[in-house]
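Q: Got a minute to go through this one with me? I'd like to talk about the aromatic rings and a bit of the surface.

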Amino acid sequence: NLRENLSESEANLEAGFIEKLDVDRIRLSLSTLETQQESVRGNALIAKNLLKFQMGYPIDEDIEIVGDLERIFNNALVDQVEVDAPVVADNRPEYQVANKGLELSEVDINRLRAGYLPTLNGFASHSQSLQRDDLFDEMETDWLPATIVGVNLNFSLFDGFNRRAKIQRAKITQEKTIKEINQLERSIQMEVRNARIQYNNAQQQAINAKKNMDLAEEIYTTTQVKFEEGIGSSVESRQAEMDFYEAQSNHINAMYDLLSAYAELQKAIGEI
């Protein structure tokens, strides 16, 4: 738009309809915007290299980023969530790990308690031996069998309270795990509620930013038409242009904040 505006303004300058100062202002805006564009391209390359590093992808190899930002933004722009809705922590990996630790602590206590029970072992063995001068003389001594059968009963009369101390330590560990799970549940509830609030706020800000950008674009278009027809000033056009750029920047920032809030909400509820 600026390049087209500059071309038209230069033609109007040659025709004597506008002043050179108006054209210089447009040239300055174009130069500033081109500089910003190069900076954005450099930042995009830095972000891509950071993505490769985090993925473990070779830095010197090219990677294609696919996906439409507008589509991703629309996917995140869902209905506002209810802040006080019930929070289910079962999907959170750390909550699952904590509950698994609680189950293992119960198994450990039962194992130690089982040490008080007596153990009964049975054993049996059978063998046969043959002693002859002539191995194939059946008239000599026959096979001599030997069979042993028995049981072994073990029980502990007194172990110096060693096992009881181990059970008490295991119970303390279990109680500590229960308290940690309760604390984790409260922490998850707080995270989810805060994430819902932040998401709702980010969603409303993104909607407002889009409306403001559309309005700023409409004002910018109107001032451009007035300027081209000679009934508007370059200052007015320049101000409308800057307001439009600022509204675009605010809209992009609002989109980023919404996507971040959506990702934090998904993480809080255990979806990612």
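A: Let's start with a term. A residue is called buried when its relative accessible area is under 20%, and exposed when that area is over 50%. Keep in mind that this is a predicted model.

Q: Okay. Is Tyr220 buried or exposed, then?
A: Tyr220 is buried, because its relative accessible area is 6% and the cut-off for buried is under 20%.

Q: And Phe244, buried or exposed?
A: Phe244 counts as buried too, at 7% relative accessibility.

Q: How many aromatic pairs are there?
A: The count comes to 3 aromatic pairs.

Q: Take Tyr199 and Tyr262. What kind of pair do they make?
A: A tilted one. The ring centres are 6.0 Å apart and the planes sit at 50°. Tilted covers the angles that are neither under 30 degrees nor over 60.

Q: Where do those two sit?
A: Tyr199 is in helix H5, residues 162-228. Tyr262 is in helix H6, residues 234-268. They are 63 residues apart in sequence, so the pair ties together separate parts of the chain.

Q: What about accessibility for Tyr199?
A: Tyr199 has 0% relative accessibility, so this residue counts as buried. Its partner Tyr262 is partly exposed, at 27%.

Q: Back to Tyr220 and Phe244. What's the geometry of their rings?
A: The planes are at 20°, so that pair is stacked. The ring centres of Tyr220 and Phe244 lie 5.4 Å apart.

Q: Which helices does that pair link?
A: Tyr220 is in helix H5 and Phe244 is in helix H6. The two residues are 24 apart, and the pair links distant parts of the chain.

Q: Which residues do ring pairs link into a cluster?
A: Tyr220, Phe244 and Tyr245.

Q: Switching to the surface. Which residues gather in a patch of negative charge?
A: Glu4, Glu8, Glu228 and Glu229.

Q: Where's Glu4, and how is it classed?
A: Glu4 is found in helix H1, residues 2-15. Glu4 is exposed because its relative accessible area is 56%, and exposed means over 50%.

Q: Last one. Where is Leu102?
A: Leu102 is in helix H4, which spans residues 93-113. Leu102 counts as partly exposed, with 23% relative accessibility.

Q: How far is Leu102 from Ile181?
A: Their C-alpha atoms are separated by 8.8 Å. Along the chain, Leu102 and Ile181 are 79 residues apart.

Key: Residues numbered from 1 in each chain as written. Predicted model: local features only at pLDDT ≥ 70, side-chain atom pairs only at ≥ 80, totals over all residues. Heavy atoms only, no water. Patch = residues over 30% accessible without salt bridge, like charges linked within 9 Å, V, L, I, M, F, W, Y side chains within 5 Å. Areas by Shrake-Rupley, 256 points an atom, 1.4 Å probe, with all protein chains shown as cover. Salt bridge = Lys/Arg side-chain N within 4 Å of Asp/Glu carboxyl O. Lys, Arg positive; Asp, Glu negative; His and termini not counted. Charge placed at Lys NZ, Arg CZ, Asp CG, Glu CD. Helix = DSSP H or I, 4+ residues; strand = E, 2+ residues; numbered from the N terminus. Buried < 20%, exposed > 50% of the residue type's maximum accessible area, 1.4 Å probe, protein only. Phe/Tyr/Trp six-rings, centres within 6.5 Å; stacked < 30°, edge-to-face > 60°.
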